[in-house]
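Reader: I would like a close look at the salt bridges in this model, with attention to how exposed their partners are. Please take them one after another and then turn to whatever lies around them.

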Amino acid sequence: MPVATPSVFEWRQCVELGYADGPDSNDDMAPPVCFNCGKSEGKTKLLRCSKCQVARYCSRECQVANWKKGPGGGHKFSCDAYKRVGEDMMVVMPDEKESARKDIFQRIRFYACPYFVYRSQVTNKRGFLFLQSDSTLAEMSLPVPILANGRPMTKIRGILMHFLTMEEYNNELCKDDFEMFTVKNELQSAVENYKESEELAVMMRFRCGHMAVGITQLMPNYALCETLGKEYYEHAGTAVQLNIDDV
């Protein structure tokens, strides 16, 4: 697999449709537990990570143990992400939403970019990569499937990938959801202007109602995307489901 380098995005438009702003079936509001051993708060008050102020621990020993040896390599590698979502499991500031989207795409790009190239060649049309999830932006942006209260997420963090033309967008997506029209102009511009051998147009939509349209670079390069796309998706359907915790 090629060495990972940061994805570069040119975001054209971001909107908030406000589908869900609070807790969902992942039980965000359950009492917090120790991020390391799962012990709930009783007579002993749970300690907070001094950096993110989100992760809690029943003892100093559990905090030290979880720093480098917990899920995903330890809290050391997820602390910034928990600071971004806070204990309310919401990404609020525009720059934090941008970094969350970037982190999500970074994890799936070696599957998403080959898929985009393969589908664009099969259809012989310009289009865009439509990424949608029934999880929130905050949930999807965390490196591990652990909520801010230390409890495991109860549903799979999935992303459904589609390659759509603007005709399909107008006739299918917008027909069923008129709010999709809010990004039509910028999406059209992105589809018309991405550099075919270097870039792709992307639209992301999450359960919380956050939606964004932009252009990003192909990663890996076009030639390798062609090879991987045929290998991965020649016998797949037109839409492909990814479990972000398996990639």
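Author: In this predicted model, Arg12 has a relative accessibility of 23% and so counts as partly exposed, since the buried class ends under 20%. Its partner in a salt bridge is Glu10, and the closest N and O atoms of the two are 2.7 Å apart. Glu10 is partly exposed as well, with a relative accessible area of 41%. This pair belongs to a count that comes to ten salt bridges.

A second pair is formed by Arg56 and Glu87, whose closest N and O atoms lie 2.9 Å apart. Arg56 sits in strand E3 and Glu87 in the loop between H2 and H3, so this salt bridge ties together parts that are 31 residues apart in sequence. The two partners fall into separate classes of accessibility: Arg56 is buried, at 11% relative accessible area, whereas Glu87, at 43%, counts as partly exposed.

A third pair, Arg126 and Glu196, meets through the side chains in a salt bridge of 3.7 Å from N to O. Arg126 belongs to the loop between H3 and strand E4 (128–132), while Glu196 belongs to the loop between helix H6 (184–193) and strand E6 (199–205), so the contact ties together parts that are 70 residues apart in sequence. Arg126 is partly exposed at 32% relative accessibility, and Glu196 is likewise partly exposed, with a relative accessible area of 48%. Returning to Arg56 and Glu87, salt bridges that share partners join these two residues and Arg48 into one network.

Some backbone features belong to the loops around these pairs. The loop between helix H2 (79–85) and helix H3 (94–123) also holds Met89, a residue other than glycine whose phi is nevertheless positive, near 55°. Met89 is buried, with a relative accessible area of 7%. Gln53, in the loop between strand E2 (47–48) and strand E3 (56–57), has a positive phi too, near 60°, but with 43% relative accessibility Gln53 counts as partly exposed.

Helix H3 also has a part in the second largest pocket, where H3, strand E5 (158–164) and helix H5 (166–176) each supply at least two residues of the lining. That pocket holds about 150 Å³ of space, and its lining, which includes Arg119, Lys125, Glu168 and Glu172, divides into three nonpolar, four polar and four charged residues.

Terms used
Residues numbered from 1 in each chain as written. Predicted model: local features only at pLDDT ≥ 70, side-chain atom pairs only at ≥ 80, totals over all residues. Heavy atoms only, no water. Helix = DSSP H or I, 4+ residues; strand = E, 2+ residues; numbered from the N terminus. Buried < 20%, exposed > 50% of the residue type's maximum accessible area, 1.4 Å probe, protein only. 1 Å grid on protein atoms, 1.4 Å probe; cavity = no way out; pocket = protein on both sides within 12 Å on 5 of 7 lines; lining within 4 Å. Points joined across faces, edges and corners; volume = space filled by probe spheres on them. Nonpolar A, V, L, I, M, F, W, Y, C, P; charged D, E, K, R; others polar. Salt bridge = Lys/Arg side-chain N within 4 Å of Asp/Glu carboxyl O.
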